[in-house]
Amino acid sequence: MSDFERTRTIAARPEAVFERACDLDRLERWLPGELHVHADRPPVVTVHEDRTGDDAEALVRPDRDRLRLEWGTSEDRRYTGWLQVAGGAAGSGSEVTVHLSFGPGSHRPVDSVVEEALERSLERLEEQVRGLGAGRGE
């Protein structure tokens, strides 16, 4: 199994970051551009990957109590991931970590492509929550 992880500090309340991250209608706004999610019957979604042309059925499970979003291919677990949001140090916004695991039989891109996609996804998520503020009253 191959694992990748990236963390970023985002200047917004953890709850606001989480709500944007797990909104199925907005997933494509922060996911890598080559992934397209169709949420016809949540928590089951269909993910289309431009790079391979493949469609895969996946499960997306938000846990609002833990501010954690988990996903993965539903039948074979060849691809799984999670996003965890936590409060930053001294009220400095949020620490957001995204983790991907590729199992046997996955069509994993080369390491540099995965790492760049993680970084860009966190940048895109930050763009989505910009202006929501770090304070509780914003």
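Select helix α1, residues 14–21, in this predicted model. Helix α1 lies across five strands: β1, β4, β5, β6 (79–87) and β7 (94–102). Its direction makes an angle of about 155 degrees with β6. Within this helix, highlight E19. Is E19 buried, partly exposed or exposed? Its relative accessibility is 38%, and E19 therefore counts as partly exposed. Now add L69 to the selection: E19 and L69 are separated by 50 residues in sequence, yet their C-alpha atoms are 9.9 Å apart in space.

Next, select helix α2, residues 111–129. This helix lies across β1, β6 and β7, and it runs at about 25 degrees to β1.

Hide the helices and turn to the strands. Seven strands form an open sheet, and their order is β1-β7-β6-β5-β4-β3-β2. The pairing is antiparallel. Which strands form the edges of the sheet? They are β1 (2–10) and β2, each of which pairs on one side only. On average, neighbouring strands of the sheet are turned by 20 degrees against each other, with direction ignored. As a general point, strands of a sheet pair through backbone hydrogen bonds, in either a parallel or an antiparallel manner.

Proceed to the edge strand β2, residues 35–41, and select it together with β3, residues 44–49. These two strands pair in the antiparallel sense over five bridges. Opposite L35 the viewer should show E49, which belongs to β3. Strands β2 and β3 form a hairpin, with two residues between them. Select P43 in the loop between β2 and β3. The peptide bond that joins P42 and P43 is cis, with omega at about 10 degrees. Most peptide bonds, by contrast, are trans.

Continue with β4, residues 54–63, and β5, residues 68–73. How many bridges join β4 to β5? There are six, and the two strands run antiparallel. To see one of the pairs, select R61 and its bridge partner in β5, E70.

Finally, select L67, located in the loop between β4 and β5. Its phi is near 55 degrees, a positive value in a residue other than glycine. Most residues other than glycine have a negative phi. Is L67 buried or exposed? The relative accessible area of L67 is 15%. Since buried means under 20% relative accessible area, L67 is buried.

Methods:
Residues numbered from 1 in each chain as written. Predicted model: local features only at pLDDT ≥ 70, side-chain atom pairs only at ≥ 80, totals over all residues. Heavy atoms only, no water. Pairing = 2+ DSSP bridges. Helix = DSSP H or I, 4+ residues; strand = E, 2+ residues; numbered from the N terminus. Axes fitted to C-alpha atoms, helices over the stretch in contact; angles between N-to-C directions. Contact = heavy atoms within 4.5 Å. Buried < 20%, exposed > 50% of the residue type's maximum accessible area, 1.4 Å probe, protein only.
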